[in-house]
Amino acid sequence: MRGRSALLALVLIGCSRGNRTPLVIYSPHGRDLLTLCERRFEQLHPEVDVRWLDMGSQEVYDRLRSERANPQADVWFGGPATIFARGAQDSLLEPFRPSWADAIDPHGRGFGDLYFAVYETPVVIVYADQAVRPEEAPQDWDDLLAPRWKGRVLIRDPLASGTMRAVWGMIIERGLKQTGDTAAGFLWLRRLDAQTKEYVLNGPLLDQKLVRQEGLVTAWDLPDILLNRRDGLQLGYVFPKSGTPVIEDAIGVVRGARHSAAAREFVEWVGSLEAQLLAAREVYRLPGRHDIPADSLPDWAREVRRQMRPADVDWDLLAARGAEWMRYWDEHVRGRGGSGR
């Protein structure tokens, strides 16, 4: 493991190309958005060499935590604000308030200016378009528990995915509000576990398995689905009737970053009007800023804002108890839905 870390450091932060400053970004955002940001930011800042590692949001947190004494990254770009809140508690971030901070929802501004929500990421119910007609697809979360979907549900592994942790948190909180206890939510997740064919390693693999009809339905974040549909994958999606968690997708400067000036420049640019609209038009990212005129947004973004009903999620409670809930789910629910235990 130590050898792998040393190799990673050499690859990411070794000698810069010429006199350019390397800017190392850890992110779950995927190749499309990261490549777009890399190319445009380097056009604006030719003295900077952007380098990124794409991994799940939980993996980003775990890596940053393991590297806390010797940071290898400069920017943490992407993932629910709830996991950024954990990172802030673990001293993984350093304060930086970009000029666009007041243009986002107050709840999206991390305490002490440690992180800010740059995008809003809705989670939708997804289905294999070739095998499921739109009117037959699940229309709400409880529909996933219908007998017809038994053995046909695929789920991105929640332990590594901020998206699925948000869904799990929404379900647990829903039961907590209704009954005053988390048992109802975990019972629901046990029933979903009984429906689930597989917990899939990553998002791209999840999409491919749906297209191959190894499973027929799942839940996943809307930008990835729209990108895949653009690229020809036959996937359909539904906004759940009772509400969808809309993730505050954050960004922050890594504490002790070796290239903190470039990191601050990148954070400043990602939230700029230019970058927000570029991401919306090219890679289906819903801007976190609420000062962008509606007629400047692409048609898909205006339609999403019209259609979706944000779920009532207590993100502060999820940040505080989410890790505990996930441990319990992993130890007492995963793989036990059909056992009756």
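Let us start deep in the sequence with one residue: Phe 77 has 0% relative accessibility, so Phe 77 counts as buried. Here "buried" means under 20% relative accessible area, "exposed" means over 50%, and "partly exposed" lies in between, with a 1.4 Å probe and protein chains only. Phe 77 sits in strand E3, which covers residues 75-80. Its C-alpha atom is 4.5 Å from that of Ile 251, although the two residues are 174 apart in sequence.

Before we go on, a word about the model. It is a predicted model, in which local features need pLDDT of at least 70 and side-chain atom pairs count only at pLDDT 80 or more, while totals for chains, interfaces and linings use all residues. Residues are numbered from 1 along each chain as its sequence is written, and side-chain values use heavy atoms, with hydrogens and water left out.

Now step back and look at the whole chain. How many helices and strands does the protein chain have? There are 12 helices and 11 strands. Both are DSSP runs numbered from the N terminus, with helices (H or I) having at least four residues and strands (E) at least two. The radius of gyration is 20 Å, close to the 20 Å that the globule rule gives for 341 residues, so the chain is as compact as a globular protein of that length. That radius is taken over C-alpha atoms, and the globule rule is 2.2 Å times the number of residues to the power 0.38. Taken along the principal axes, the C-alpha atoms fill a box of roughly 60 × 45 × 35 Å.

Of the 341 residues, 56% count as buried. The accessible surface comes to about 15100 Å², and 48% of it belongs to carbon and sulfur atoms. Such areas come from the Shrake-Rupley method with a 1.4 Å probe, and for residues only the protein chains shown count as cover. Among contacts between residues at least 6 apart in sequence, 75% join residues at least 24 apart; a contact means heavy atoms within 4.5 Å.

Next, find two helices that meet. Helix H5 (residues 162-179) and helix H12 (residues 315-332) have axes that come within 9 Å and cross at roughly 100 degrees. That makes H5 roughly perpendicular to H12. The axes are lines fitted to C-alpha atoms, for helices over the stretch in contact, and the angles run from 0 to 180 degrees between N-to-C directions. Angles under 35 degrees count as roughly parallel, over 145 as roughly antiparallel, 65 to 115 as roughly perpendicular, and the rest as oblique. On the H5 side, the residues that meet H12 include Trp 168, Ile 172 and Leu 176, and on the H12 side they include Leu 318, Met 326 and Trp 329. The residues of this contact divide into 11 nonpolar, one polar and two charged. In this grouping, Ala, Val, Leu, Ile, Met, Phe, Trp, Tyr, Cys and Pro are nonpolar, Asp, Glu, Lys and Arg are charged, and the others, Gly among them, are polar.

Trp 325 gives a closer view of helix H12, where it is found. At 2% relative accessibility, Trp 325 counts as buried. Leaving aside neighbours within four places in sequence, Trp 325 is in contact with residues including Gly 169, Ile 172, Glu 173 and Phe 186.

The loops are worth a visit too. Tyr 115 lies in the loop between strand E4 (93-94) and E5, and at 9% relative accessibility Tyr 115 counts as buried. Not counting residues up to four places away in sequence, Tyr 115 touches Phe 84, Leu 93 and Ile 251, among others. Asp 113 is found in the loop between E4 and E5. Is Asp 113 buried or partly exposed? At 23% relative accessibility, Asp 113 counts as partly exposed. The phi of Asp 113 is near 60 degrees, a positive value in a residue other than glycine.

Another loop, between helix H4 (81-89) and E4, holds Asp 90. Asp 90 is buried, with a relative accessible area of 16%, and it touches Tyr 61, Arg 65 and Arg 68, not counting residues up to four places away in sequence.

Finally, look at Pro 147, in the loop between strand E5 (116-128) and strand E6 (153-156). At 73% relative accessibility, Pro 147 counts as exposed.
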